[in-house]
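Here are a few exercises to work through with the model open beside you. Try each task before reading its solution.

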Amino acid sequence: MGVGFLRTDVSIDHPDFGKLQVCVCRRAEVQKQANDRLYALSNLKELKHLTFDAFKPRGVIGIGQYQADSLEQAYNSARQFANHHKGWLLLQGKYGCGKTHLAAAIANEAIEMGVLTLFLTVPDLLDTLRFAYNDQEFTFEERFEEIRHIPLLILDDFGTQNATPWAQEKLFQIINFRYINHLPLVVTTNLSIDDIEPRIRSRLEDPELVTRVKIHAPDFRNPSDDTGHHELSALKHISHLTFGKFDLRKNEDIPLNEQKSLEKAFHTSQNYAENPHGWLVLTGIYGTGKTHLAAAIANYRAGLGHPPLFIMIPDFLDHLRSTFAPDSNVRYDRLFDEVRTTPLLILDDLGTQSSTPWSREKLYQLFNHRYMAELPTVITMADSIEELYSKEPRLATRMLDTRLCTIHAITAPPYRGKFAQTDKSRRSRK
């Protein structure tokens with residue numbers, strides 16, 4: 001028997017009967033060697049600076065409250081996990097939002113506490129398993145069992161791996177083993193939960209085991225390039241369009257009934273922003289304030305921590321078409337479903353899209369789903385409801401349901417430019 005090892009004195013029916021155990025005198029040394037090897041395997045030397053103290057819980061200056069709140073929630077959840085290493089922690093968010101920093105901070109703190117920890121990006125984990133087939137020191141089975149049983153496993157960048165059947169099967173076996181045995185696990189991913197392989201997704205959706213946190217903060221390396229909103233959302237470009245900056249034109253020489261139509265649309269939009277319910281349709285010629293009011297609703301909701309999806313309809317259809325490209329990293333069904341089911345959807349400029357059979361069908365599917373589900377929706381369009389009915393009766397009939405939909409026609413002239421002047425001259429000739 002080697003020096004430093006002994007057999008424990010247990011009964012014959014004990015699971016440790018006959019097994020060699022590390023002597024107490026060498027236990028600390030053996031654990032340190034194991035820790036050092038796992039530390040090197042995890043490449044944590046390059047991530048040693050990623051600690052909780054170095055993390056900015058509210059992000060960088062200039063990001064919105066909603067984004068900062070989500071980042072702080074992720075920070076608090078990571079710190080809580082680092083304190084007890086119980087359950088699972090799933091961190092979701094775009095590249096550069098802080099997921100890896102928090103995961104590495106958990107790993108660094110665990111190692112300081114003496115907890116055997118393995119931190120790997122998922123592609124590196126799979127490479128480690130592949131290389132084990134030719135490893136002289138460890139067999140594949142030994143390495144696989146080590147990963148499955150490690151006291152704390154942290155999988156970074158889940159979803160960036162090459163999704164071969166072998167890779168999917170190995171990942172499932174690891175995650176399922178830890179799920180069955182309630183072993184601590186941290187996963188970071190930029191995927192939505194619906195894009196994760198169904199067997200793994202079902203484990204990650206267990207609310208009794210998993211704490212799920214979605215970070216909406218932008219890439220900290222380039223915060224001005226993104227506000228953390230959905231890739232389709234135009235909110236970052238219209239943040240200046242608020243109710244406080246809306247001009248009710250009370251001092252302008254326009255007919256009272258036209259000014260009143262603007263005032264009514266304004267107050268209706270304010271009430272809708274307080275409690276989004278049903279559909280709100282704003283109609284009127286270009287430049288009369290429809291988009292401003294729709295954006296004000298969006299910015300008000302975002303300020304409450306519930307940013308809606310604000311999209312220009314032509315841009316939305318372009319994005320849908322782009323998902324069919326061979327190099328697209330976004331699936332059509334995922335993108336379309338996100339828009340169909342978002343809690344509050346604001347559709348700007350209905351009627352300006354290319355009127356192809358495909359685009360008409362996509363818009364009908366979108367409108368019909370939200371109509372049947374009675375999901376809050378705001379729509380702006382230059383056409384009157386009668387004009388829309390002559391072009392797209394299937395859409396117009398949904399809007400004509402007074403049980404669900406409120407329509408406000410802004411009859412005031414445009415705010416700016418030659419169209420306002422032309423309209424004013426036209427009225428003076430009457």
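**Exercise 1: a strand and its neighbours**

Find which strand β10 is joined to by 4 bridges, besides β9, and how the two run.

Solution. 4 bridges join β10 to strand β11 (residues 377–381), and these two run parallel; strands are DSSP runs of E with at least two residues, and helices are runs of H or I with at least four, numbered from the N terminus. Two strands pair if DSSP finds at least two bridges between them. Leucine 345 has threonine 377 as its bridge partner in β11. Turning to strand β9 (residues 309–312), 4 bridges join it to β10, again parallel, and phenylalanine 310 has isoleucine 346 as its bridge partner in β10.

A note on the model: it is predicted, so local features need pLDDT of at least 70 and side-chain atom pairs count only at pLDDT 80 or more, while totals for chains, interfaces and linings use all residues. Residues are numbered from 1 along each chain as its sequence is written, and side-chain values use heavy atoms, leaving out hydrogens and water.

**Exercise 2: the length of a helix**

Compare the expected span of helix α2 (residues 65–84) with the distance between its end C-alpha atoms.

Solution. The expected span is 1.5 Å times one less than the number of residues. For the 20 residues of α2 that gives 28 Å, and the end C-alpha atoms are 29 Å apart, which agrees. Just after α2, histidine 85 takes a positive phi of about 50 degrees.

**Exercise 3: burial**

How many of the 6 residues of strand β10 (residues 345–350) are buried?

Solution. Buried means under 20% relative accessible area (1.4 Å probe, protein chains only). By that cut-off, 5 of the 6 residues of β10 are buried.

How values were computed. Buried < 20%, exposed > 50% of the residue type's maximum accessible area, 1.4 Å probe, protein only.
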